[in-house]
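User: I am new to this structure and would like to be led through it by questions and answers. Please begin once the structure is shown.

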Amino acid sequence: MIRPGMMRGLGRGVEWEFDQVTFDRGFSRNQVTRLLVERAEHGGWELDRLQIGADGKRRVVLRRKIIRAVRTA
């Protein structure tokens, strides 16, 4: 289950886009790792938070920097 990206500014001139992903307890640790590595390599995401609930669900928050193009001319 993927929620739409959120944006938040942390620090001076740095903006981050966040994405929340939830994995059911049926996914093995290796499967979750493989899926997150794929998103990191192809989408530029990095791990921000990981929470494993009492029900076994993994709630993952990913983030990536937003790079704004600056007009030069």
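Analyst: A polar contact is a pair of N or O atoms within 3.5 Å; within protein, one of the two must be able to donate a hydrogen and the other to accept it. The model discussed here is a predicted one. In this model, a polar atom of the Arg 58 side chain and the backbone oxygen of Phe 27 are 3.2 Å apart.

User: In what order do the elements of the protein run from the N terminus on?

Analyst: The secondary structure comprises one helix and four strands. Among these elements are strand β2 (residues 15-23) and helix α1 (residues 29-43), as well as strand β3 (residues 46-52) and strand β4 (residues 58-66). Read from the N terminus, the order is β-β-α-β-β.

User: What span is expected for α1 at 1.5 Å a residue?

Analyst: Helix α1 has 15 residues. The expected span is 1.5 Å times one less than the number of residues. From its first C-alpha to its last, α1 reaches 21 Å, which is close to the expected 21 Å.

User: Which residue just after α1 takes a positive phi?

Analyst: The place in question follows directly on helix α1. The phi there is about 75°, and the residue is Gly 44.

User: Which residues make up the largest nonpolar core?

Analyst: In the protein, buried residues account for 21% of the 73 residues. The largest nonpolar core has seven residues, and β2, α1 and β4 each supply at least two residues of it. Its members are Val 21, Phe 23, Val 32, Leu 36, Trp 45, Val 60 and Leu 62.

User: Is Leu 36 buried or exposed?

Analyst: Leu 36 is found in helix α1. Leaving aside neighbours within four places in sequence, Leu 36 is in contact with Phe 23, Val 60 and Leu 62. A residue counts as buried when its relative accessible area is under 20%. Leu 36 has a relative accessible area of 18%, so this residue is buried.

User: How far apart are the C-alpha atoms of Leu 36 and Val 21?

Analyst: Along the chain, Leu 36 and Val 21 are 15 residues apart. Both residues belong to the largest nonpolar core. The separation of their C-alpha atoms is 9.6 Å.

User: How many salt bridges does a search of the whole structure find, and which parts does the pair Asp 19 and Arg 39 tie together?

Analyst: The search of the whole structure finds seven salt bridges. In one of them, the closest N and O atoms of Asp 19 and Arg 39 are 2.5 Å apart. Asp 19 is buried at 5% relative accessibility, whereas Arg 39 is partly exposed at 23%. Asp 19 lies in one element and Arg 39 in another, so the salt bridge ties together parts 20 residues apart in sequence, namely strand β2 and helix α1.

User: Which residues are linked with Glu 46 in a network of salt bridges?

Analyst: Glu 46 and Arg 63 meet through their side chains in a salt bridge of 2.7 Å, N to O. This pair links strand β3 with strand β4, its two residues being 17 apart. Glu 46 is partly exposed, with a relative accessible area of 35%. The network links Glu 46 with Asp 48, Arg 49 and Arg 63.

User: Which residue forms a salt bridge with Arg 59?

Analyst: Arg 59 lies in strand β4 and is partly exposed at 33% relative accessibility. Not counting residues up to four places away in sequence, Arg 59 touches Val 21, Thr 22, Arg 49, Leu 50, Gln 51 and Gly 53. Its C-alpha is 6.6 Å from that of Phe 23, although Arg 59 and Phe 23 are 36 residues apart in sequence. In the salt bridge, the closest N and O atoms are 3.8 Å apart, and the residue joined to Arg 59 is Asp 55.

User: Which side chain of opposite charge is nearest to Arg 58, and how far away is that side chain?

Analyst: Arg 58, found in strand β4, is buried yet has no salt bridge. Beyond four places in sequence, the residues touched by Arg 58 include Val 21, Phe 27, Val 32 and Ile 52. A salt bridge requires a side-chain nitrogen of Lys or Arg within 4 Å of a carboxyl oxygen of Asp or Glu. The nearest side chain of opposite charge is that of Asp 24, at 9.4 Å.

Notes:
Residues numbered from 1 in each chain as written. Predicted model: local features only at pLDDT ≥ 70, side-chain atom pairs only at ≥ 80, totals over all residues. Heavy atoms only, no water. Buried < 20%, exposed > 50% of the residue type's maximum accessible area, 1.4 Å probe, protein only. Core = buried A, V, L, I, M, F, W, Y, C linked by side-chain atoms within 4.5 Å. Contact = heavy atoms within 4.5 Å. Lys, Arg positive; Asp, Glu negative; His and termini not counted.
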